[in-house]
Amino acid sequence: MRWNPVRVGIGALAWAATLAGAAGVGLHFSRSSSRLLVLAASGAPYLMGCALIGAAVFAAGRRWGGVGLTGVIAAAGIWTQAPLYTGVRGDDHGYTVKVMQANLLFDGADPRALVDEVRARKVEILTVDELTPAAVAALARAGLDEALPHRHLSPGRTAAGTGIWSSHPLSDTVEYDRFVLNQLSATAALPEVGPVAVYAFHPVPPVYGTSVWADELSRLRAILERAPADRPVIVGGDFNATYDHAQYRALSSGRFADAAVQAGAGHLVTYPTDKGWPPLVGIDHILIAGGRAVEVETVGLPGTDHRALVARIQLSGGNTPSTGRGSGGDR
């Protein structure tokens, strides 16, 4: 048989796509703190999709063994991503609250646009990251303190600042020590529900050290495990981690559930928005305990490099457990 470079090239493409798909599945389950693997896991869904390309190329060449192999890999990839699309069924009872999470890119976000979104969407709880003193002042001038008169803020230089605004009174305010960026919590008094624990998180990005990143996610999980069990909990933040990072899924498991998973909202990509291409990864999240997200969407904010998240959440009062499910640390 004569050597056919075209046939060899097509075969190499099929195997490369198959290996990329397998790598995507492996990265989804990886708990490694290796910088390369952590960063690559952000693109795991795109790698998994390569398995479909491999299957198509193998099928075109009538290589049925290759089709079977890529089919198994593709099925595994679909299984890992299915929770983002299937959602969680539940009743329609409970107090409905709108929650928004926004990264402000220091003081780059247009304060008027943010306040307009808060008012138009009737947001009652807002968590923000990368909050500077200048941004606090600009948001006040734009009317945020009128729309959400209660606040717990820890502004900082560049990325460090974090804040919580609420239309309901806040108490029990806490700032957590020994993190690179500021991490906050407070208790909001919501009508018909009672006290609701609110957390605003911003773990360090993995580009500054994946061991620190993994450690901060682990310690944030420990903070949430100590959250009061007798009330609903809402967590907003730029987690610098995607659904395909096992470290994030561990954080959003057990009592807690990712709002996008609960609502079946799919892949909500939020970053980056300041490039010449659309956002690629979803690193902003809202977590819930003692309630269920029924709708989650992204919202564009001029001047920042993130899309904001807005979730419509039905909260249960008292000791009622969450009606949702966590993302699952082993999926």
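Strand β6, which spans residues 183-190, and strand β7, which spans residues 194-201, run antiparallel and are joined by seven bridges. This pairing is a convenient place to enter the structure, which is a predicted model. One position along it can be picked out by name, for A189 stands opposite P195 in β7. The two strands form a hairpin with three residues between them, and in that turn E192 has a positive phi of about 70 degrees.

The hairpin belongs to a wider arrangement, an open sheet of six strands in the order β5-β6-β7-β8-β10-β9, in which the pairing is mixed. Its edges are formed by β5 (170-176) and β9 (257-258), each of which pairs on one side only. Strands of a sheet pair through backbone hydrogen bonds, in either the parallel or the antiparallel sense. Here β7 illustrates both senses, since its pairing with β6 is antiparallel, whereas β7 and β8 pair in the parallel sense over five bridges. Within that parallel pairing, Y199 has V235 in β8 as its bridge partner.

How does the chain pass from β7 to β8, and what packs on the sheet? Strand β7, helix α9 and strand β8 make a right-handed β-α-β unit. Helix α9 (residues 210-225) packs on the sheet, where it touches β5, β6, β7, β8 (233-238) and β10 (284-289), and its direction makes about 175 degrees with that of β7. Strand β7 is largely enclosed by the rest of the structure, because six of its eight residues are buried.

Helix α9 also carries charged pairs of its own. Side chains of opposite charge can pair when their charged atoms come close. In one such pair the side chains of R219 and D215 meet in a salt bridge, with an N to O distance of 3.0 Å. Both residues lie in α9, four residues apart, which is about one turn of the helix. The two partners fall into separate accessibility classes: R219 counts as buried at 18% relative accessibility, while D215, at 39%, counts as partly exposed. The side chains of E225 and R221 meet in another salt bridge, at 3.4 Å from N to O. E225 and R221 are likewise separated by about one helical turn, because they are four residues apart in helix α9. E225 is exposed, with a relative accessible area of 58%, and R221 is partly exposed at 34% relative accessibility.

Beyond this helix, a search of the whole structure finds eight salt bridges. One of them is formed by E297 and R121, whose closest N and O atoms are 2.8 Å apart. This pair links distant parts of the chain, for E297 is in strand β11 (residues 291-299) and R121 is in the loop between α6 (111-120) and β2 (125-129), the two being 176 residues apart. Both partners are partly exposed, E297 with a relative accessible area of 30% and R121 with a relative accessibility of 21%. The pair is also part of a network, in which salt bridges that share partners join E117, R121 and E297.

Strand β11 also holds T298, whose surroundings can be followed in some detail. A polar contact of 2.9 Å joins the side chain of T298 to that of R307. When neighbours within four places in sequence are left aside, T298 is in contact with L268, V269 and T270, and also with R307, A308 and L309.

A last position to examine is V261, which lies in helix α11 (residues 259-263). V261 is buried, with a relative accessible area of 0%. Its C-alpha atom is 9.6 Å in space from that of L287, and V261 and L287 are 26 residues apart in sequence.

Key: Residues numbered from 1 in each chain as written. Predicted model: local features only at pLDDT ≥ 70, side-chain atom pairs only at ≥ 80, totals over all residues. Heavy atoms only, no water. Pairing = 2+ DSSP bridges. Contact = heavy atoms within 4.5 Å. Axes fitted to C-alpha atoms, helices over the stretch in contact; angles between N-to-C directions. Buried < 20%, exposed > 50% of the residue type's maximum accessible area, 1.4 Å probe, protein only. Right-handed = clockwise from strand over helix to strand, strands pointing away. Salt bridge = Lys/Arg side-chain N within 4 Å of Asp/Glu carboxyl O. Polar contact = N/O pair within 3.5 Å; in protein donor to acceptor, adjacent residues only side chain to side chain.
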